[in-house]
Every structure is written in structure tokens, then in C-alpha cells.
Amino acid sequence: MMNNNPIITVLMAVFNSEKYLDEAINSVISQTFTNWELICVNDGSTDSSLEILLNYEKLDSRIKILNIINTGLASAARNRGLDIAKGEYLHMLDSDDLLSKDCLEKSYELAVVSKADLVIPDLFLFKSNINNVVNKTIGYNGNRDLLLTPEKAFYLSLTWKISAVGLLKTSLLQKYRYDETGLNGDEYTSRLLFLKCSKIVFSSGVYYYRQHATSSTKIISIKIFDSLTTDFRILDLAQNFNLDKVTIVLCKKKITANIFGLTQYLIRNKNHFTKEQEICVQSELKKHFAKIDDSFIQIEDNFFKRVIKRILFTNFKIFQTYVFCRTELI
């Protein structure tokens with residue numbers, strides 16, 4: 001069926017997703033809300049993903065396929081699709097995830113009634129199939145009736161007490177785009193968009209997020225160290241928007257915890273990296289370590305923790321030795 005004026009654009013970046021692609025696309029085709037377009041951007045897949053996509057394009061004129069040279073970043077592929085999006089609203093869908101049949105309908109109805117810029121459905125984490133749900137995020141603490149301010153949404157998202165995936169005004173995304181600076185640039189994008197929304201609400205539709213060992217977040221990779229750059233950019237966002245002290249403190253705590261975690265990650269997985277990669281990562285860690293000033297230390301309520309942090313963050317070699325000893329003892 002031809003649809004020249006879709007209300008919702010569903011945007012999917014695809015890379016070697018042949019195993020899950022049929023399920024993901026069919027979850028869109030089966031939506032109770034029918035005025036949509038599905039833009040799938042094939043990011044240089046080397047499996048049968050493109051063939052599968054082209055077959056669906058022939059079956060349903062609402063499905064549009066872009067085939068691009070591999071960018072290595074889902075955010076870059078999404079931006080290519082964003083360039084041709086026609087819907088007033090946009091809903092991202094990863095190529096191994098699913099939408100409940102009423103997800104678009106529930107979210108759109110609420111967007112119209114509430115005039116919200118972002119409507120967040122429930123987020124269900126599942127393994128193998130949607131009958132095997134391992135975790136649920138429903139609104140905030142089970143409450144979907146809340147109307148969130150941008151600042152509150154930003155704060156809650158720092159510990160992922162709310163989901164960031166939802167139905168968003170396309171004009172906002174086209175203005176600010178998906179961040180392409182690293183593996184987890186979508187975390188920066190999510191926080192920026194929260195701050196640019198005037199109103200954020202929750203719907204009872206469901207976004208099914210698949211957990212599996214082959215996802216990019218589970219594979220040992222040098223790209224994981226991009227997360228520190230993202231953490232500092234998120235802190236800059238919080239400071240530039242003059243968010244409250246509690247939010248700034250949480251951003252800084254996440255940074256110190258991540259420096260520790262990534263140093264430990266390098267120690268545990270150094271055999272997976274070349275010597276050149278190890279040197280590069282060490283340099284990046286040291287660069288970020290140097291940004292930890294006393295304001296990151298004073299936020300600790302516990303006196304003992306403050307003393308320990310002050311000692312550890314005085315010298316990078318001392319810090320690395322401490323982390324190494326802690327890692328070896330575990």
C-alpha cells in the first residue's frame with residue numbers, strides 16, 4: 001500500500017541481522033496503527049540482510065531500503081535514514097528488537113492528547129523470545145501517569161531508571177541528529193534530546209529489547225573506551241544546562257566509576273588487544289584521568305572514600321597499580 005504522508009517513521013539501522021530481521025520487520029507490519037513508513041538502512045551487511053530487506057520492500061510499499069557502505073556506527077546509518085524521513089513522529093527500532101502490536105498506536109494517541117515531544121513505551125528485556133522476559137521498565141517505578149520535566153528525565157536516565165527509546169517529534173531529531181562520535185554516542189543523543197523536549201510522558205505499548213551474547217555491547221572491543229568521552233560530554237551537557245547539584249554529582253560519580261571499570265576491563269582483556277591498541281587505550285585513560293579534579297573527590301559523603309580517592313587520583317600509576325591489585329584479588 002502506498003503511503004506518501006506517513007504520520008510515523010520507524011527507523012532501523014541494519015548490520016548482519018539476518019537471524020532476527022524477519023521478526024523485527026514483521027513487528028512493524030503487524031502494528032494496529034497503519035499510517036507508518038519503515039526506513040531500513042543496510043550498513044554494508046555481509047550476510048543475507050540486504051536480500052531479506054529488498055524482499056520486504058517489494059511486499060510493502062511503506063518499507064524503504066537504503067543500502068550504504070559500512071560506517072561501523074548505527075548512529076551514522078540512522079542519520080542517513082533520518083535525511084529522508086517523512087513522518088511527523090519517529091520511532092527507532094533496532095534490527096534485533098520488536099514492538100508490541102499496539103506500540104505505535106498507544107504512543108501516538110498519547111502524543112496527540114498530551115502534546116508531548118517524547119512518548120516512552122514500556123521496555124521489556126527478553127532472551128530468545130518475548131515469552132522469556134528477564135526485566136521490565138514500566139514508566140518510572142511502575143508509574144506511567146507521570147509527566148516528566150526535561151531535567152528530571154535527564155537525571156533518571158543516568159541510572160536508566162527510565163528508558164530513552166520512544167516516539168519522538170521527527171523535527172527534534174532532524175535538528176540535533178544522532179551523535180556519531182563513538183560506540184555509545186546514542187547515550188549522549190538521548191540525554192540531549194531529553195533536555196530539548198518540552199514534555200515527556202509514558203505509554204503502555206512495549207518495546208522488546210533483545211539480550212544476546214552477540215550484541216555490540218557484549219563483544220570485547222577497543223570501542224568500549226569511547227564511553228569515557230561520552231561520559232564527559234554528558235557532564236558538559238548537565239553543566240551547560242545548569243542542572244542541579246544532585247545531577248552534576250551523579251555525572252561525576254559515573255565518570256570515576258567508569259575510569260575504574262575500564263582500567264579493570266583493560267587488565268582483564270589485554271590479550272585481546274594488540275600492543276599498539278593497548279598503548280592507545282592507556283593514553284586515552286590517562287587523558288581522561290587528568291580531568292578528575294577535586295570536585296570529583298569532594299562529592300563523596302564518606303570521609304574514608306574521599307581520602308582513598310584523593311590518593312588514587314593524584315597519580316595515574318598509583319591508580320593503575322591499585323586497580324590491578326583489586327582485579328587480581330577478585
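This briefing describes side-chain contacts in the structure above, taking salt bridges, aromatic pairs, charges over rings and cysteines in turn. The model is a predicted one. Within it there are 12 salt bridges and 12 aromatic pairs, whereas the count of disulfides is zero. The bullet points below look at individual residues behind these counts, together with the accessibility of the side chains concerned.

**Salt bridges**

- K64 and E37 are joined by a salt bridge between their side chains, with an N to O distance of 3.2 Å. Because K64 belongs to strand β3 (residues 63–68) and E37 to strand β2 (residues 36–43), this pair ties together parts that are 27 residues apart in sequence.
- The two partners of that bridge fall into separate accessibility classes: K64 is partly exposed, at a relative accessible area of 22%, while E37 is buried, at 0%.
- A salt bridge also links the side chains of E278 and K270, where the N to O distance is 3.4 Å. Here the acidic residue, E278, is buried with a relative accessible area of 11%, and K270 counts as partly exposed at 40% relative accessibility.
- In the salt bridge between K287 and E284, the closest N and O atoms are 3.3 Å apart. Both residues lie in helix α10 (residues 275–289), where they are three residues apart, about one turn of the helix.
- Neither end of this pair within the helix is buried, since K287 is partly exposed with a relative accessible area of 41% and E284 is partly exposed with 29%.

**Aromatic pairs**

- F126 and Y208 form an edge-to-face aromatic pair, in which the ring centres are 6.2 Å apart and the planes stand at 85° to each other. As F126 lies in strand β6 (residues 118–126) and Y208 in strand β9 (residues 200–210), the contact ties together parts that are 82 residues apart in sequence.
- Both members of this edge-to-face pair are classed as buried, F126 with a relative accessible area of 0% and Y208 with a relative accessibility of 13%.
- The pair formed by F289 and F313 is stacked, with 5.3 Å from centre to centre and 20° between the planes. F289 lies in helix α10, and F313 in the loop between α12 (303–312) and α13 (316–329), so that this pair ties together parts that are 24 residues apart in sequence.
- F289 and F313 are both buried, and they belong to one aromatic cluster that is formed by F289, F313, F316 and F319.

**Charges over rings**

- The charged end of R78 is placed over the ring of Y178, at 5.6 Å from the centre of that ring.
- In a second such arrangement, the charged end of K291 sits over the ring of F232, and the distance to the ring centre is 4.6 Å.

**Cysteines**

- With a disulfide count of zero, C251 is in no disulfide, and the nearest cysteine sulfur to that residue, which belongs to C197, is 18 Å away.
- The accessibility of the cysteines can be given for two residues: C251 counts as buried at 4% relative accessibility, whereas C280 is partly exposed, with a relative accessible area of 45%.

Conventions:
Residues numbered from 1 in each chain as written. Predicted model: local features only at pLDDT ≥ 70, side-chain atom pairs only at ≥ 80, totals over all residues. Heavy atoms only, no water. Salt bridge = Lys/Arg side-chain N within 4 Å of Asp/Glu carboxyl O. Helix = DSSP H or I, 4+ residues; strand = E, 2+ residues; numbered from the N terminus. Buried < 20%, exposed > 50% of the residue type's maximum accessible area, 1.4 Å probe, protein only. Phe/Tyr/Trp six-rings, centres within 6.5 Å; stacked < 30°, edge-to-face > 60°. Lys NZ or Arg CZ within 6 Å of the ring centre and 35° of its normal. Disulfide = S-S within 2.5 Å.
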